[in-house]
Amino acid sequence: MRSNRRAEGGADFRIGEGSDLHRLESGRRLVIGCIEVPSDVGSFGHSDGDVVAHAVCDAVLGALALGDIGTHFPPTDERWRGADSRVFLAHAMRLARERGARIVNVDVTVELERPKLAPYLGDMCRELARVLGCAAAAVSVKAKTAEGLGAVGEGKAIAARAVVLLAVRSST
Ligand code: MG
């Protein structure tokens, strides 16, 4: 694929950004970064509601300039009801590989008031890396609260932001 800048070492770099927000409701699973986290409330969404997977997926698709997760997996499509979001990530990475792109690194911030996510961050990084086909050391997931402010702070929502850097093999 064409890129704006030619970097050293025969690769071009493409950066992508993604974000997501879901409502939290009782009676739903709380899936974050492809890991189920024990919680009284879960993420409401058409799929499994994994805001981290969705933000990373949008970041990969954004880096490729191929739209967003809704372009590829419309929420009106019944096939994706309750879907495991790893399917979306795997699809985005297939598109990346087809274009000679690989992950350099991924950095994610999750915003959630509770529960505390620190015990789960390592597992999230490892599982995301497995699905993305990169080293776990290339994946960072950080968690923060919203200090009681706004929908996240009031425990009504979970949000995530992600940036991804892709290296694209030079075709020349
Ligand atoms: Mg989403």
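I call a crossing left-handed if the near helix is turned anticlockwise from the far one by less than a right angle, and right-handed if clockwise. The model is predicted, with pLDDT of at least 70 needed for local features and 80 or more for side-chain atom pairs, while totals for chains, interfaces and linings use all residues. Residues are numbered from 1 along each chain as its sequence is written, and side-chain values use heavy atoms, without hydrogens and water.

Helix pair. I looked up H1 and H3 (residues 86–98), helices being DSSP runs of H or I with at least four residues, and strands runs of E with at least two, numbered from the N terminus. Their axes, lines fitted to C-alpha atoms over the stretch in contact, come within 9 Å and cross at roughly 15°, on a scale of 0 to 180 degrees between N-to-C directions. H1 is therefore roughly parallel to H3 (angle under 35 degrees). The crossing is left-handed. Contact (heavy atoms within 4.5 Å) involves, among others, His54 and Val56 of H1 and Phe88 and Leu89 of H3.

Metal site. I found Asp20 (OD), His22 (NE2) and His54 (ND1) as protein donors of the magnesium ion, at 2.1 to 2.2 Å; donors are N, O and S atoms within 2.8 Å of the metal (3.2 Å for Na, K and Ca), and water is not among the atoms, so the site may look incomplete. His22 lies in strand S1 (residues 11–26) and His54 in helix H1 (residues 51–63), so the pair ties together parts 32 residues apart in sequence. Both His22 and His54 are buried (under 20% relative accessible area, 1.4 Å probe, protein chains only).

Leu128. I place Leu128 in helix H4 (residues 121–132). Leu128 has 0% relative accessibility and so counts as buried.

Terms used: Buried means under 20% relative accessible area, exposed over 50%, partly exposed in between (1.4 Å probe, protein chains only). Angles under 35 degrees count as roughly parallel, over 145 as roughly antiparallel, 65 to 115 as roughly perpendicular and the rest as oblique.
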